Amino acid sequence: MDIAITRQVSRSIDNCELTFLQREPIDVARARQQHAQYEAALKDLGLAVLSLPEEPDLPDSVFVEDTALVLDECAIITRPGAASRRLETTSIAQVLAAFRELRHIQAPARVDGGDILQLGRCIYVGLTQRSDTNAMEQMQEMLAPLGYEVRAIRVSGCLHLKSAATEVARDVLLLNPAWVDQGVFEGVKIIEIDPSEPHAANALRLGDSAMYSAAFPRTRERLAGSGIHTVIVDADELAKAEGALTCCSLVFGI
Ligand code: CIR
């Protein structure tokens, strides 16, 4: 069975980190309503949802993806690139300890889970404002003995690697070519986003389906044309905090 760890939207989300977006007011009630829709969609797809309580003083804590990489063999607790987000890992580590052996990225290395894209035994680490080579090398040391290959990948123009590319089916990537070079991904089929929807590359793959934001109808048509089944949710309120769909959960098998 698969489990998804989520966390309720913080009342302080208005103070979230922003890198590429202009700040605009976030309606906390609406963000919570959309987040509830996200959790319901996870349950409908057969996942058990472990919904953690709000962290009132950690504005970005709904974006649990950034705190860890959960593999079958272990979980790596990240050291988030934004100093304001470092305390988010504490409670996640406590929860994950029940499911996996934990490893920790050591200071001064920095990495957000949003920069980590796993395709089978290959783990791509986006080098961004949030994630550095030091963290990638630490991951290499931890994961090579387990049979994973860890590769650095250049990303520009967006927050995270997974803003630019996500897996929508086995060996199929949804990708924005303006933000990441598709040539670095070997042996995968690429679906490009519609150029009028630059933020459309983030989908959350769950088995044979991909959870996808209602905000990107043109790219959704491209996904449908490639035979990808999408489950559509509204996610525009948390998008104002520069968050997308993968960001709001940590999904793994138990
Ligand atoms: C941040 O800048 O850290 C948050 N406002 C958004 C994080 C989104 N997380 C993700 O894409 N994995």
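Two strands count as paired if DSSP finds at least two bridges between them. I note at the outset that I am working on a predicted model.

**Entry 1, the three-stranded sheet.** With that criterion in hand, I looked up strand S6 and strand S7 (residues 122–127), which pair in the antiparallel sense over 4 bridges. Within this pairing I asked which residue of S7 is the bridge partner of Ile116, and I found Val125. I then followed the sheet as a whole, which is open, has 3 strands in the order S6-S7-S8, and shows mixed pairing. Strand S6 (116–119) and strand S8 (149–154) stand at the edges with a single partner strand each, so one side of each is left without a neighbour in the sheet. From one strand to the next I read an average twist of 25°. Helix H3 (residues 133–143) packs on this sheet and touches S6, S7 and S8, and the direction of the helix makes about 165° with that of S8.

**Entry 2, strand S10 and its partners.** I turned next to the hairpin formed by S9 and S10, which has 2 residues between the strands, and I noted that Asp171 in the turn has a positive phi of about 60°. S9 and S10 run antiparallel and are joined by 4 bridges, with Glu167 having Leu173 of S10 as its bridge partner. S10 is also joined by 4 bridges to strand S11 (residues 189–192), and these two run parallel; here Leu175 stands opposite Glu192 in S11. I then asked which way the side chains of strand S10 (residues 172–175) point. Val172 and Leu174 point one way and Leu173 and Leu175 the other, and all are buried. In a regular strand the side chains alternate between the two faces of the sheet.

**Entry 3, the largest pocket.** I looked up the largest pocket, for which the volume is about 1100 Å³. Its lining has 38 residues, and Val70, Gln118, Glu167, Arg205 and Val251 lie nearest its centre. At least two lining residues each come from strand S3 (68–70), S6, S7, strand S9 (165–169), strand S12 (204–206) and strand S15 (250–253). By class, I recorded 19 nonpolar, 8 polar and 11 charged residues in this lining.

**Entry 4, the second largest pocket.** The second largest pocket has a volume of about 550 Å³. Of the 32 residues lining it, His199, Ala239, Glu242, Gly243 and Ala244 are the closest to its centre. The elements giving two or more residues to this lining are helix H4 (161–164) and helix H6 (236–239). The lining divides into 14 nonpolar, 8 polar and 10 charged residues.

**Entry 5, the cavity and His35.** I searched the whole structure for cavities of 30 Å³ or more and found 1, and the space in the largest cavity is about 90 Å³. Among its lining residues are Gln34, His35, Tyr38, Asp234, Leu238 and Cys248. I asked which element gives the largest share of the lining; helix H1 (residues 28–44) does, with 4 residues. The lining comprises 8 nonpolar, 3 polar and 1 charged residues. I then took up His35, which lies in helix H1, and asked whether it is buried or exposed. Because its relative accessibility of 2% is under the 20% cut-off, His35 counts as buried. Leaving aside neighbours within four places in sequence, I found His35 in contact with Thr6, Arg7, Gln8, Val9, Val62, Leu238 and Cys248.

Methods: Residues are numbered from 1 along each chain as its sequence is written. This is a predicted model: local features need pLDDT of at least 70, side-chain atom pairs count only at pLDDT 80 or more; totals for chains, interfaces and linings use all residues. Side-chain values use heavy atoms; hydrogens and water are left out. On a 1 Å grid over the protein atoms alone, a cavity is a set of points where a 1.4 Å probe fits but cannot get out, and a pocket is an open set with protein on both sides within 12 Å along at least five of seven lines; lining residues have an atom within 4 Å of a point. Grid points are joined across faces, edges and corners, and a volume is the space filled by probe spheres set on the points. Ala, Val, Leu, Ile, Met, Phe, Trp, Tyr, Cys and Pro count as nonpolar, Asp, Glu, Lys and Arg as charged, and the others, Gly among them, as polar. Axes are lines fitted to C-alpha atoms, for helices over the stretch in contact, and angles run from 0 to 180 degrees between N-to-C directions. Contact means heavy atoms within 4.5 Å. Buried means under 20% relative accessible area, exposed over 50%, partly exposed in between (1.4 Å probe, protein chains only).
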